[in-house]
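Here are a few exercises to work through with the model open beside you. Try each task before reading its solution.

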Amino acid sequence: MSRSVRAGCLFAAGLLAVVGCTGDGGGTAAQGAPASPKPSAGAADSLRWSSCPAPSTAEGAPARRPGDEWECATLRAPLDYAKPDRGTIDIAMIRAKATDQAHRIGSLVFNFGGPGGSGVATLPAFADDYRDLRKRYDLVSFDPRGVGRSSGVTCLDDKELDSYYAAGATPRTTDEQKALIGRVEKYAQGCGKRSGRVLPYVGTADAARDMDLMRQALGDDRLHYFGVSYGTELGGVYAHLFPRRVGRALFDAVVDPTADPEEGALGQARGFELALGNYLTACAATRDNCPTEQQIVALLDRLGKNPVPGGEGRMLTQSLATTGIAQSLYSKDFWDYLTEGLEDAENGDGKILMALGDAMNGRGQDGRYSSLQASLTAISCADFAQRYTAEQIAEKVPAFRKASPVFGDFMAWSLTQCTGWPVKGAWQRPDVGAKGAAPVLVVGNTGDPATPYEGARRMAQALGEGVGIEMTYRGQGHGAYDSGNPCVKKVVDAYLLNGTVPGRGTVCS
């Protein structure tokens, strides 16, 4: 999931059937990533594991309790690492123990992206994808500070959020720009009112420090890590702060750490445009009722003036439809829904695109919202110092529109998300330089809409010589490991389970 667009899918990767793997020869053993020791009694005592409750509304998951193999605990961390006497914050954690304890490597900590995604809810839902990794790792995840059960950020009530996400997000007049800025500022005020205590302390650097506390509490000498999307940025910041504590780490669906918010949003506009083109080409090859990009642009223009019914008394607006289209491009599995949703919307039925848009906005079928989008905004605005004015954005719109006729305006105006935010941001760009760290496997997907392929190379370079090891997956959707591609799985599993670093230039397709 990305920061820049007011949206994102935690973890949507299609089940791809393509195979094939090429590289420059055999891999080498990972240096500096030995099997972690089993937890000592003292370290284990700092986390009290017990059966897990059902996911909360804030975590945005089906209301069912994880199975008996899962156990939950709470990590107590300083709210303010600079001033530990200011109090603490509770970090919700979940784990399933390794099935082969005799050959256990340690804990493998997952972050599924966002920022704002609940790991406590997501890891059990996707655990089957990691059953081979679970043989030798305890699978562990968490709700980062400001997310879900870890003091999840809230800003508006559910009815207010319905209106907020439905409102126009691509202003064409000065009055519309003022209205957009007013809504964003009201949203920020709501965040400050409801979650002001935690807003200064939900940044990525704080979450990275929390992960090092987890490592210690889990009894691991090094942090073995599986980061997806924003989770790659979090992993990069961890590696910068604690290079000697990096174990075997996978970065999948890689965020470009060299991009500021404007560059990131423009890159996403291009990425979603690429994914849309791939969808349209594939659709035209297999169906007769496929839209063209011009028809999609025309549909969105009409919805901007005349929304259509989206079910349950709600209307599908241009904003919700654009969000729904973007959601569907996170995975090839959603492409048929997109085709049907676009056709239905042309005929006055917006229910499918509405459901897709709701999924991206974190709205459940009961009308209640998770903390996903509020957390995404809070973490992004705690991290990045940039604050863009309407006048600045209006000047940038033509470049965004050129990058994507469908998504350009939407992405450009998403740069307002930190307007009026009550907390200053920490940096212009994150520092992920990790000299001295063990090799980190960085996997880029050539068809990724949300984290464009170029970000993987830039992350590998920024991590440093001998640290960032880049490999390529020639596929579609967001991410690589959970695409179902056997080549990707083979290479990654060999690295995480055996410490085998793939040869430079390895490509899976």
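A disulfide here is a pair of cysteine sulfur atoms within 2.5 Å. Please keep in mind that this is a predicted model.

**Exercise 1.** Find how many disulfides the structure holds, and work out which pattern they follow along the chain.

*Solution.* Start with the count: five disulfides are present. Next, number the bonded cysteines along the chain; the pattern then reads 1-2, 3-4, 5-6, 7-8, 9-10.

**Exercise 2.** Take the disulfide of Cys52 and Cys72, and decide whether it is right-handed or left-handed.

*Solution.* First check the bond: the S to S distance between Cys52 and Cys72 is 2.1 Å. Then turn to the torsion about the S-S bond, which is about 105°, so this disulfide is right-handed. Now place the two ends. Cys52 sits in the loop between strand S3 (50–51) and strand S4 (70–78), while Cys72 belongs to strand S4; the pair links distant parts of the chain, 20 residues apart. Finally, look at burial: both Cys52 and Cys72 are buried.

**Exercise 3.** Do the same for Cys283 and Cys290: which handedness does the torsion give, and are the cysteines buried or exposed?

*Solution.* The sulfur atoms of Cys283 and Cys290 are joined at 2.0 Å. With a torsion of about -90°, the disulfide is left-handed. For burial, the cut-off is under 20% relative accessible area. Cys283 has 5% relative accessibility and therefore counts as buried. Cys290, at 18%, counts as buried too.

**Exercise 4.** Explain which parts of the chain the disulfide of Cys487 and Cys508 ties together.

*Solution.* The two sulfur atoms lie 1.9 Å apart, and the torsion of about -65° makes this disulfide left-handed. Cys487 is in helix H17 (residues 486–498) and Cys508 in strand S15 (residues 507–508), so the bond ties together parts that are 21 residues apart in sequence. Cys487 is buried at 5% relative accessibility, and Cys508 is buried with a relative accessible area of 0%.

**Exercise 5.** Describe the surroundings of strand S12 (residues 440–447): which strands does it pair with, and why is it largely enclosed?

*Solution.* Begin with strand S9 (residues 246–252), which runs parallel to S12 and is joined to it by four bridges. One pair to locate is Ala249 with Val440 in S12. Strand S13 (residues 468–476) is also parallel to S12, with seven bridges between them; here Gly447 stands opposite Gln476. From S12 the chain crosses through helix H16 (residues 454–463) to S13, giving a right-handed β-α-β crossover. Last comes burial: seven of the eight residues of S12 are buried, so the strand is largely enclosed by the rest of the structure.

Note on methods
Residues numbered from 1 in each chain as written. Predicted model: local features only at pLDDT ≥ 70, side-chain atom pairs only at ≥ 80, totals over all residues. Heavy atoms only, no water. Buried < 20%, exposed > 50% of the residue type's maximum accessible area, 1.4 Å probe, protein only. Helix = DSSP H or I, 4+ residues; strand = E, 2+ residues; numbered from the N terminus. Pairing = 2+ DSSP bridges. Right-handed = clockwise from strand over helix to strand, strands pointing away.
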